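I opened the notebook to record what I looked up, one topic at a time. The sequence and structure come first.

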Amino acid sequence: MDANAKKVALRGITYGLYVVGTKDESGVNGFAGNWLTQTSFDPPLVALAVKADTRSQKQIAASGVFSVNVLESGQKDMAVAFFKSVEPEGNKLGGYEFYTETTGCPIFKDALRFFECKVVDKVERGDHYIYVGEVVNAGVHRDGEPLTLKETGFNYGG
């Protein structure tokens, strides 16, 4: 296989860019994620890929829950804040205020909307693990257009 052709072809998959919230007994965390898709209407299911052996992946494996915060077009800075490790400072992560609801995972006030999931299946292979989550709670903070990976000029894939 031509390695460059593979990279270019796989980068043709379109993505959003989200802040995913996680938790375990040690506390809450968040990371910028983009490998996410809805997989079922009834029940409402999503599939999320998470880099293996990271704090967030280990928290999802331990707690069986995660939240997805849909960012607004133009919120590149918020996404970038979660490209690196963050530590809670009161009710803030990466400098952004959050609260919790059903799962106890961070829901960011600055996000357009959010949904919370409980893990119902997993595939632990490769350098990213896939978690299938059933949506157990959702909310809308305001109307707007979601942030896309293309808008940021970033590439993650290939």
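The entries below go from the cores to strands, rings, one histidine and the cysteines.

**Entry 1: the cores.** I am working with a predicted model. I looked for the largest nonpolar core and found 17 residues in it. Leu17, Leu71, Met78, Phe82, Leu93, Tyr96 and Phe108 have the most contacts inside this core. Strand S2 (27–33), helix H3 (76–81) and strand S7 (96–99) each supply at least two of its residues. H3 gives the most, with three residues. I also noted a general point: in soluble globular proteins, nonpolar side chains tend to be buried together.

A second core is separate from this one and has 16 residues. Val46, Leu48, Val50 and Cys117 are among them.

**Entry 2: Leu17.** I listed what Leu17 touches, leaving out residues up to four places away in sequence. The list is Ala32, Gly33, Asn34, Leu71, Ala79, Leu147, Leu149 and Thr152.

**Entry 3: S1 and S2.** Strand S1 (residues 18–24) pairs with S2 in the antiparallel sense, over seven bridges. A hairpin of two residues joins S1 to S2. I checked one bridge: Tyr18 has Gly33 in S2 as its partner. Is S2 mostly buried or exposed? Six of its seven residues are buried, so S2 is largely enclosed by the rest of the structure.

**Entry 4: the three-stranded sheet.** I found an open sheet with the strand order S6-S7-S8 and antiparallel pairing. S6 and strand S8 (107–108) are at the edges with a single partner strand each, so one side of each has no neighbour in the sheet. S7 and S8 pair over two bridges. In one of these I found Tyr99 with Ile107 of S8 as its bridge partner. For background, strands of a sheet pair through backbone hydrogen bonds, either parallel or antiparallel.

**Entry 5: aromatic rings.** How many aromatic pairs does a search of the whole structure find? The search finds five. I took the pair Phe82 and Tyr96: the ring centres are 6.3 Å apart and the planes are at 40 degrees, so the pair is tilted. Phe82 is in the loop between H3 and strand S6 (92–93), while Tyr96 is in strand S7. The two are 14 residues apart, and their pair links distant parts of the chain. Phe82 is buried, with a relative accessible area of 2%. Ring pairs also link Phe82, Tyr96, Phe98 and Phe108 into a cluster.

**Entry 6: His128.** I found His128 in strand S10 (residues 128–140). His128 is buried, at 11% relative accessible area, and the cut-off for buried is under 20%. Its side chain makes a polar contact of 3.0 Å with the side chain of Asp127. Leaving out residues up to four places away in sequence, His128 touches Trp35, Ala49, Val50, Lys51, Ala52 and Tyr156.

**Entry 7: cysteines.** I searched the whole structure for disulfides and got zero. A disulfide is a covalent bond between the sulfur atoms of two cysteines. Why does Cys105 form no such bond? The closest cysteine sulfur, in Cys117, is 9.3 Å from that of Cys105, which is too far for a bond. Cys117 is likewise in no disulfide. I then looked up accessibility: Cys105 is buried at 0%, and Cys117 is buried with a relative accessible area of 0%.

Definitions and conventions:
Residues are numbered from 1 along each chain as its sequence is written. This is a predicted model: local features need pLDDT of at least 70, side-chain atom pairs count only at pLDDT 80 or more; totals for chains, interfaces and linings use all residues. Side-chain values use heavy atoms; hydrogens and water are left out. A nonpolar core is a set of buried Ala, Val, Leu, Ile, Met, Phe, Trp, Tyr and Cys residues joined through side-chain atoms within 4.5 Å. Buried means under 20% relative accessible area, exposed over 50%, partly exposed in between (1.4 Å probe, protein chains only). Helices (H or I, at least four residues) and strands (E, at least two) are DSSP runs, numbered from the N terminus. Contact means heavy atoms within 4.5 Å. Two strands pair if DSSP finds at least two bridges between them. Rings of Phe, Tyr and Trp (its six-membered ring) pair if their centres lie within 6.5 Å; planes under 30 degrees apart count as stacked, over 60 as edge-to-face and the rest as tilted. A polar contact is a pair of N or O atoms within 3.5 Å; within protein, one must be able to donate a hydrogen and the other to accept it, and residues adjacent in sequence count only if both atoms are side-chain atoms. A disulfide is a pair of cysteine sulfur atoms within 2.5 Å.
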